[in-house]
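Subject: Handover of a structure and the findings from it

Dear colleague,

Please find below the structure that I am handing over to you. The findings follow directly after it.

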Amino acid sequence: MRKLVYYVGTTLDGFIAGPDGADPTGPNGFWPIPEDYVRHIVERYPETLPVQARAALSVTGEGTHFDTVLEGRRSYEIGLKAGVADAYPHLRHLVFSRTLTKSPAPAVELVADDPVDTVRKLKQEDGKDIWLVGGAELAGALYGEIDRLILKVAPLTAGAGIPLFSHKATFDPRSWRRTDCTMLDSGAVVLTYARTTAAVTPAIDG
Ligand SMILES: NC(=O)c1ccc[n+]([C@@H]2O[C@H](COP(=O)([O-])OP(=O)(O)OC[C@H]3O[C@@H](n4cnc5c(N)ncnc54)[C@H](OP(=O)(O)O)[C@@H]3O)[C@@H](O)[C@H]2O)c1
């Protein structure tokens with residue numbers, strides 16, 4: 001069965017963006033993107049580059065991991081405001097929103113249904129894995145459905161901001177098995193973890 005994979009950039013202190021909800025890697029962002037980080041994405045996950053980056057880098061690779069991408073409305077609107085209505089035309093692109101009524105791009109599917117139900121249905125379909133872009137609110141809603149975490153950990157702290165999972169997510173400790181770790185010279189580490197079925201052992205008091 002295909003997996004739901006939260007493939008996301010995070011600071012060392014667990015933030016995916018600053019408190020303003022803007023693109024932290026954008027022109028006025030605080031998050032530098034080193035050359036070896038870009039190279040890693042191009043070589044391993046070319047399908048996760050948005051269309052404008054693919055064009056700039058002459059990337060045409062289909063990629064081997066994902067054929068579907070899921071975004072929360074606020075993450076999607078960052079690209080939309082920059083004039084990109086469909087950043088991932090090479091993938092099936094679903095945007096979750098209960099407020100948008102008309103899709104700005106024909107190939108972008110708006111979904112107002114429960115993300116958990118939608119993901120369970122997608123997992124039953126044939127295909128490659130499903131990339132959960134984020135942001136935190138959508139990832140929080142889908143926390144229990146995530147099969148794999150790929151954390152692109154930047155050598156940065158933010159102190160405050162938007163966390164990996166919304167503070168509104170349910171407290172539900174889970175254990176994960178590390179399956180890959182790539183250390184980049186620039187200081188970033190790409191960590192891959194698969195969800196285990198083992199229960200989390202409670203801490204022993206005293
Ligand atoms: N570091 C990274 O790799 C990375 C990746 C992605 C995003 N980000 C950052 O994350 C930030 C945005 O994250 P965010 O948490 O504020 O917003 P988000 O998760 O991107 O979007 C939230 C919106 O998604 C919709 N949504 C969420 N849960 C839903 C549910 N259960 N059912 C239906 N719709 C649902 C709602 O849209 P409606 O209000 O329209 O109903 C909600 O307002 C941005 O700063 C972005 O740069 C970082």
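In this email, helices (H or I, at least four residues) and strands (E, at least two) are DSSP runs, numbered from the N terminus. G135, for instance, has its place in the loop between β6 and α5. Please keep in mind throughout that this is a predicted model.

Overall form

The protein chain contains five helices and ten strands. Its radius of gyration is 17 Å, close to the 17 Å that the globule rule gives for 206 residues, so the chain is as compact as a globular protein of that length. The C-alpha trace spans about 55 × 40 × 35 Å along its principal axes. Of the 206 residues, 31% are buried. If one considers contacts between residues at least 6 apart in sequence, 68% of them join residues at least 24 apart.

The surroundings of the ligand

The ligand is surrounded by 28 residues, of which A17, G72, S75, G134 and G135 are the closest. Five elements each supply at least two residues of this shell: the strands β1 (4–10), β2 (15–17) and β6 (129–134), and the helices α3 (73–81) and α5 (136–141). By character, the shell divides into 14 nonpolar residues, nine polar ones and five charged ones.

Two of the closest residues, G134 and G135, are joined by a cis peptide bond, with omega near 0°. By way of background, most peptide bonds are trans.

The nonpolar core

In soluble globular proteins, nonpolar side chains tend to be buried together. Here, the largest nonpolar core has 43 residues, and W131 and L132 have the most contacts inside it. The element that gives the most to this core is β1, with five residues. Neighbours within four places in sequence aside, W131 is in contact with V5, Y7, T48, F66, T68, V69 and L70.

Strand pairing

β1 pairs with β7 (residues 148–153) in the parallel sense, over six bridges; T10 has V153 as its bridge partner in β7. β7 in turn pairs with β10 (residues 189–195), here in the antiparallel sense and again over six bridges. K152 has V190 as its bridge partner in β10.

A further set of pairings centres on β3 (66–72). This strand is joined to β6 by five bridges, and the two run parallel; F66 stands opposite D129 in β6. Five bridges also join β3 to β4 (residues 92–96), likewise in parallel, and G72 stands opposite F96 in β4. Why may β3 be called largely enclosed by the rest of the structure? Six of its seven residues are buried, so the description applies.

Individual residues

Four positions may be of use to you when you inspect the model.

Y88 is found in the loop between α3 and β4. Is Y88 buried or exposed? With 23 other C-beta atoms within 10 Å, Y88 is buried, because the threshold for that class is 20 or more. Apart from its neighbours within four places in sequence, Y88 is in contact with P50, V51, V69 and H93. The C-alpha atoms of Y88 and L49 are separated by 7.8 Å, although the two residues are 39 apart along the chain.

S58 lies in the loop between α2 (51–56) and β3. Its phi is near 55°, a positive value in a residue other than glycine. Most residues other than glycine have a negative phi. S58 is exposed, with 7 other C-beta atoms within 10 Å.

D180 has its place in β9 (residues 176–183). D180 has 12 other C-beta atoms within 10 Å and is exposed, because that class takes 12 or fewer. D180 and V190 are ten residues apart in sequence and 7.9 Å apart in space, C-alpha to C-alpha. V190 is also the bridge partner of K152, as mentioned above.

R44 belongs to helix α1 (residues 35–44). R44 is partly exposed, with 15 other C-beta atoms within 10 Å. From R44 to A158, 114 residues away along the chain, the C-alpha atoms are separated by 27 Å.

To begin your own inspection, you might view the cis bond from G134 to G135 together with the shell of 28 residues around the ligand.

With kind regards

Definitions and conventions
Residues numbered from 1 in each chain as written. Predicted model: local features only at pLDDT ≥ 70, side-chain atom pairs only at ≥ 80, totals over all residues. Near = placed C-beta within 6 Å. Nonpolar A, V, L, I, M, F, W, Y, C, P; charged D, E, K, R; others polar. Core = buried A, V, L, I, M, F, W, Y, C linked by C-beta atoms within 7 Å. Contact = placed C-beta atoms within 7 Å. Rg over C-alpha atoms; globule rule 2.2 N^0.38 Å. Pairing = 2+ DSSP bridges.
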